[in-house]
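User: Hello! I'm new to this structure and would like to learn how its labels are earned. Could you walk me through a few?

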Amino acid sequence: MSKTGAAIRFAAVVATVVLLSAGCAAGGAQAPSGLVSGRISSSGAGPIHTGMLPPPSEKVWDSSPLGSGGRLIVLADGIAGGLGLWALDPGSQWTALASTPDAAALGRTADGVAIAAGHQIDVRSRSGLSASGSVTTLKWPGAAPAAPIASLDSSPAGRLAIVTADEQSLDYAVAASDGTVTTLTPAPTQSFTPLVAWLDETHLLVLTTDNQQVSRLAVVDTGAQTMKPATAMGDLRVFALSSDRQTIAVATEAAIYAGPVAAFLGGTPPPPIAALDAAEVVWGLALDSDGSKVFALAGRMAPDGKVGALHEIGYASEDSGWTKVLDSSAPFGRALSQVYMP
């Protein structure tokens, strides 16, 4: 399997969440067979109260692990027999919001979320997550890629960054508000996970693989048409960026980290906020608005390579360091991505 092929399987954990098998090498491994196992809602809608399992901290954090009014929006299965949007609210209650059977990726916008389905982007406001919003059809220069959209992010001004990926291809692009697409050059040709996020209106954060097959962060300057890999840290599997674009969270095979953007791009990486044991799989990172809370979809890998016991874990930054404030079992069996909504 190619390096990019291994990456796509991991991104689909997200479709299958089985890439991180015992003995896989950081950055390029064969994925074992089998799909994620887990509890799936039988009702397909309505609230499912899971509480916190177990209570992760005696400290009350803003009266909610998600912060006052904050929610996590997850694109996952278990709604009307297919994919849809779930919400984890400040009361640690899961609610099925809407069925989105054709969705392939979920990204955030300034006032809600963007859902990729085929070559259309459905932008929904935070008050209208349950119904289709403003839909834009992407206008590609030439033939549209056959691969689905695997990751997307919206800049503060509304420009979209897009990654299309499958076992054969990996392509990065940006799209204007009218859907006109421009292919990104340069861009990663191999990536452990196809992810993209806007640092500002002209700079994108991506994952790329260096000539030693080490997975690293990189910054693409869309104006100068340059890509600069970051050397501060390697063997990264996934990352996420806070909505104020000042804090990065990353996960390796062994730990989760979070800190200022500069620390990961050229400075000294911060110490880990949480260690991961050999059976624990983490993907779908999300940060709150100012990066003071980090959330991750997680599961445990069985000896046969299947991942189950899906749950949402959360950490909050305090004066003494990072504290675990959330551990909530998930009402779905596989999840593609998630975003934090203040």
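User: Where is Pro-186 found?

Analyst: Happy to help! This is a predicted model, and in it Pro-186 sits in the loop between strand 12 (181-183) and strand 13 (196-198). The peptide bond leading from Thr-185 to Pro-186 is cis, with omega near -5°.

User: Why is Ser-151 called buried?

Analyst: Buried means under 20% relative accessible area. Ser-151 has 7% relative accessibility, so it counts as buried. Ser-151 belongs to strand 9 (residues 149-154).

User: What makes the link between the side chain of Ser-151 and the backbone nitrogen of Val-196 a polar contact?

Analyst: The side chain of Ser-151 reaches that nitrogen of Val-196 at 3.3 Å, and the cut-off for such a pair of N or O atoms is within 3.5 Å. Val-196 is also among the residues in contact with Ser-151, a list including Ala-105, Ile-162 and Pro-194.

User: Why is Asp-235 called partly exposed?

Analyst: Partly exposed lies between the buried limit, under 20%, and the exposed one, over 50%. Asp-235 has a relative accessible area of 37%, therefore it is partly exposed. Its place is the loop between strand 16 (226-229) and strand 17 (238-241), and it has a positive phi of about 60° although it is not a glycine.

User: And Ser-92: buried or exposed?

Analyst: With 5% relative accessibility, Ser-92 is under the 20% limit, so it counts as buried. Ser-92 lies in the loop between strand 3 (82-88) and strand 4 (93-99), and its phi is positive, about 60°, although it is not a glycine.

Key:
Residues numbered from 1 in each chain as written. Predicted model: local features only at pLDDT ≥ 70, side-chain atom pairs only at ≥ 80, totals over all residues. Heavy atoms only, no water. Helix = DSSP H or I, 4+ residues; strand = E, 2+ residues; numbered from the N terminus. Buried < 20%, exposed > 50% of the residue type's maximum accessible area, 1.4 Å probe, protein only. Contact = heavy atoms within 4.5 Å. Polar contact = N/O pair within 3.5 Å; in protein donor to acceptor, adjacent residues only side chain to side chain. Lists of a residue's contacts leave out its neighbours within four places in sequence.
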